[in-house]
Amino acid sequence: WALVGLIVIAVPVATLAVLASPLFDVDEVSVQGASYTDSALLATIIDELTGDPVLLVDTQSIEEQLRADPWVERVKVETDFPHRVVIDIRERTPVAAFQGGDGRFRIIDYVGRVLDVIDGIPIDYMIIIGDHPDTARGQFAGAPYSAAAELVLLLPAEIRAMTDSVGLNAATGALSLQLTGGADVQLGDASDMDEKLARLHSLLRGGLDGVCELDVSTREVGSVPC
């Protein structure tokens, strides 16, 4: 019985020893969906994974490290026996940008989270003008910025093509559009935005010659001639 007991213990121990041996080390790390995710962080993770036994990879710890990157919305790390680890990342979508008091630009997603802080003017995203805070990377700028980002996403193609920037009064939440040609469109707060944009869309089809300011925040549209 003692011999049987030793065999019962030895077999799984030997099996684990083989599986944790260099025969099953990680020699390939596949990264999917990483466009803006910190490349230095990814390089460090890949370097640490390479050569480790695939069965001993701490996938949860790697996911936690990557979720700390503001760009990462979702991440799944899986082992693919015998030699491969797959890192699947879904990044947040940048929507707009605003300039803080320090002169640097904050790129935000639709919930107003600051994904990055850069020195130059980002040309790929709608600019939100106004007086804005120096929100740090990874932090949330606040509800007014989420509303401004959602406005950018709601803009019909015809209106977006004519829009130079979005105006935001962070203190009151009032939103506006600055159109190509100089006309300002007052939208009021973020409520009933679909209706407000529909009113603006109808007015744009009729042309805005001689109009410097529009107020479509209510059903009674107001205009100020140039």
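**Two helices, a surface patch and Gly-222**

In helix H3, the residues Ile-62, Glu-63 and Leu-66 are buried. If you look down the axis of H3, those buried residues fall within an arc of 100°, so they line one face of the helix. I should say at once that this is a predicted model, and that what I describe today is computed from it. As for what lies against that face, the buried residues of H3 pack against helix H2, against strand S2, which runs over residues 72-80, and against strand S3.

That brings me to H2 itself, which covers residues 39-49, and where Leu-42, Ile-45 and Leu-49 are buried. Viewed down the axis of H2, its buried residues fall within an arc of 65°, so here too they line one face of the helix. The general background is that an α-helix has 3.6 residues a turn, so residues three or four places apart point the same way. On the other side of H2 we find Ser-39 and Asp-47, which are exposed. And what covers the buried residues of H2? The cover includes strand S1, residues 28-32, together with helix H3, residues 59-67, and strand S3, residues 84-91.

Let me stay with H2 a moment longer and turn to its two ends. At its start, a side-chain oxygen of Asp-38 reaches to within 2.9 Å of the backbone nitrogen of Ala-40, while just after the helix Gly-51 takes a positive phi of about 95°.

Moving on along the chain, Leu-56 lies in the loop between H2 and H3. Is Leu-56 buried or exposed? Its relative accessibility is 59%, and because the cut-off for exposed is over 50%, Leu-56 counts as exposed. Leu-56 also belongs to a nonpolar patch on the surface, which it forms with Leu-55 and Phe-81, and the accessible area of these residues together is about 310 Å².

Finally, I would like to turn to Gly-222, which is found in strand S12, residues 222-225. This glycine is partly exposed, with a relative accessible area of 29%. Which residues does Gly-222 contact, leaving aside its neighbours within four places in sequence? They are Glu-213, Leu-214 and Asp-215. As for Val-185, that residue and Gly-222 are 37 residues apart in sequence, and from C-alpha to C-alpha they are 9.8 Å apart in space.

Conventions
Residues are numbered from 1 along each chain as its sequence is written. This is a predicted model: local features need pLDDT of at least 70, side-chain atom pairs count only at pLDDT 80 or more; totals for chains, interfaces and linings use all residues. Side-chain values use heavy atoms; hydrogens and water are left out. Buried means under 20% relative accessible area, exposed over 50%, partly exposed in between (1.4 Å probe, protein chains only). Helices (H or I, at least four residues) and strands (E, at least two) are DSSP runs, numbered from the N terminus. The arc is that of the directions from the helix axis to the C-beta atoms. Contact means heavy atoms within 4.5 Å. A polar contact is a pair of N or O atoms within 3.5 Å; within protein, one must be able to donate a hydrogen and the other to accept it, and residues adjacent in sequence count only if both atoms are side-chain atoms. Patches are made of residues with over 30% relative accessible area and no salt bridge: like charges are joined within 9 Å, nonpolar side chains (Val, Leu, Ile, Met, Phe, Trp, Tyr) within 5 Å. Accessible areas come from the Shrake-Rupley method with a 1.4 Å probe; for residues, only the protein chains shown count as cover. A salt bridge is a side-chain nitrogen of Lys or Arg within 4 Å of a carboxyl oxygen of Asp or Glu.
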